[in-house]
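Here's a model to poke at, with a few questions worked through one at a time. Have a look at it first, then read on.

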Number of protein chains: 2
Amino acid sequence: MRVLDHPLQTDRARLLFKALADPVRLTVIEALAGGERCVCDLTAELGLAQSKLSFHLKLLKEAGLLESRQEGRWVYYRLRVEAIQSMQNWLAALAARCERPASPCP
Amino acid sequence: MRVLDHPLQTDRARLLFKALADPVRLTVIEALAGGERCVCDLTAELGLAQSKLSFHLKLLKEAGLLESRQEGRWVYYRLRVEAIQSMQNWLAALAARCERPASPCP
DNA sequence: AGGATAGATCAAAATTGGTTGATGAATCAA
DNA sequence: TTGATTCATCAACCAATTTTGATCTATCCT
């Protein structure tokens, strides 16, 4: 991995972390871990105002954590497992760098 | 895992994600992935105002991502790999739930 | 002791984020 | 076509975070 690749990767990771840094969005994520759901379903189950849920769904989608498909009047959202894997990979790379032999002897 | 355990775990994860959801803090994290550093070192290397860096270091430490030790006038910060592992674990659990056989047949 | 340096803390200003209620677009059913 | 339903969008408001510059504490050196 070149050094200059890193900032981009990191910024992408940052957007993913930011997307998960909110209680409402985490609730949505956990609800969707069980599988695809339509918006009205989520609204009811989570007891959220419709515009509020819509706001967070959009944000999660833009971050790459969700994808959606329309079916008639309904819109179904689901988790993108690849996004979760990206985060895992980023964290794994970070952890790996921490395990390094440490700096040259003093 | 009981259902009621979950909110706590999730909220802890949320705080970690939040801590990583900032460009300055990610820069700090990456700098510390190379090993322990003193504050003045980081200030110089990252070109940050001292109070600004101090603010973010405190936040990262409170989130459990960093720990520090004082040596004379200097304070050294380092990454807590356990925190990174916590995040990895949380994500792995989430990903595992996504792989489920999906809901009962329709 | 006196001066210099490292770092933490604080309050005010600036910025960013989230919520709310209203409105709009698309789909469907009658 | 009309009315109902689902969802997205918008602007105004409110709340949380971040930045900045100043001040404070502790440690060290002379």
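**Cysteines, copies and DNA contacts**

Q: Is A:Cys38 buried or exposed?
A: This is a predicted model, so treat every number here as computed from it. Anything under 20% relative accessible area counts as buried. A:Cys38 has a relative accessibility of 8%, so A:Cys38 is buried.

Q: How many disulfides does a search of the whole structure find?
A: Take A:Cys38 as a test case: the nearest cysteine sulfur belongs to A:Cys40 and is 3.2 Å away. A disulfide needs two cysteine sulfur atoms within 2.5 Å, and A:Cys38 is in no disulfide. Over all chains, the number found is zero.

Q: What kind of axis relates the two copies, chain A and chain B?
A: Two copies of a chain are related by a rotation about an axis and a shift along it. Here, laying chain A on chain B takes a turn of 179° and a shift of 0.0 Å along the axis, with an RMSD of 0.1 Å. The copies are thus related as by a two-fold rotation axis.

Q: Which residue of chain A has the C-alpha nearest the axis?
A: The axis in question goes with the turn of 179° that lays chain A on chain B. In chain A, the nearest C-alpha lies 2.5 Å from that axis, and the residue is A:Phe17.

Q: What percentage of the contact residues of chain A recur in chain B?
A: Both copies are served by the same surface. The share of chain A contact residues that recur in chain B is 100%.

Q: Which element gives the most to the surface near DNA strand D?
A: Start with some phosphate contacts: a side-chain N or O atom of B:His56 is 2.4 Å from a phosphate oxygen of DNA strand D, and one of A:Tyr77 is 2.6 Å from a phosphate oxygen of that strand. The elements giving two or more residues to this surface are helix H3 (39-46), helix H4 (50-63) and strand S3 (74-79) of chain A, plus helix H4 (50-63) of chain B. With five residues, the top contributor is H4(B).

Q: What percentage of the atoms of DNA strand D within 4 Å of the protein belong to sugar or phosphate?
A: There are 22 residues around DNA strand D, and A:Cys40, A:Gln50, A:Tyr77, B:Lys18 and B:His56 come nearest. The backbone joins in too, as an N or O atom of the A:Val39 backbone lies 3.4 Å from a phosphate oxygen of the strand. Bases make up the rest of those strand atoms, and the sugar or phosphate share is 72%.

Q: Which residue has a side-chain N or O atom 2.7 Å from a base nitrogen of DNA strand C?
A: The closest residues to DNA strand C are A:Lys18, A:His56, B:Cys40, B:Gln50 and B:Tyr77. The side chain of B:Ser54 has an N or O atom 2.8 Å from a phosphate oxygen, and for A:Lys52 such a distance is 3.5 Å. The side chain that is 2.7 Å from a base nitrogen belongs to B:Gln50.

Q: How many charged residues does the surface near DNA strand C have?
A: This strand is surrounded by 22 residues, and the largest share of the surface, five residues, comes from H4(A). By class, eight are nonpolar and seven are polar, while the charged ones number seven.

Q: Why is helix H2 of chain A largely enclosed by the rest of the structure?
A: H2(A) covers residues 23-33, and its buried residues include A:Val24, A:Leu26, A:Ile29 and also A:Arg25 and A:Glu30. At its start, a side-chain oxygen of A:Asp22 reaches to within 2.8 Å of the backbone nitrogen of A:Val24. The helix counts as largely enclosed because the number of its 11 residues that are buried is nine.

Q: What is the relative accessible area of B:Leu65?
A: B:Leu65 sits in the loop between H4 and strand S2 (66-71) of chain B. Beyond its neighbours within four places in sequence, B:Leu65 touches residues including B:Leu16, B:Leu20, B:Leu79 and B:Ile84. Its C-alpha is 5.5 Å from that of B:Ala83, 18 residues away along the chain. B:Leu65 is buried, with a relative accessible area of 0%.

How values were computed:
Residues numbered from 1 in each chain as written. Chains lettered and ligands numbered in written order. Predicted model: local features only at pLDDT ≥ 70, side-chain atom pairs only at ≥ 80, totals over all residues. Heavy atoms only, no water. Buried < 20%, exposed > 50% of the residue type's maximum accessible area, 1.4 Å probe, protein only. Near = heavy atom within 4 Å. Polar contact = N/O pair within 3.5 Å; in protein donor to acceptor, adjacent residues only side chain to side chain. Helix = DSSP H or I, 4+ residues; strand = E, 2+ residues; numbered from the N terminus. Least-squares fit on C-alpha atoms with pLDDT ≥ 70 in both. Contact = heavy atoms within 4.5 Å. Nonpolar A, V, L, I, M, F, W, Y, C, P; charged D, E, K, R; others polar.
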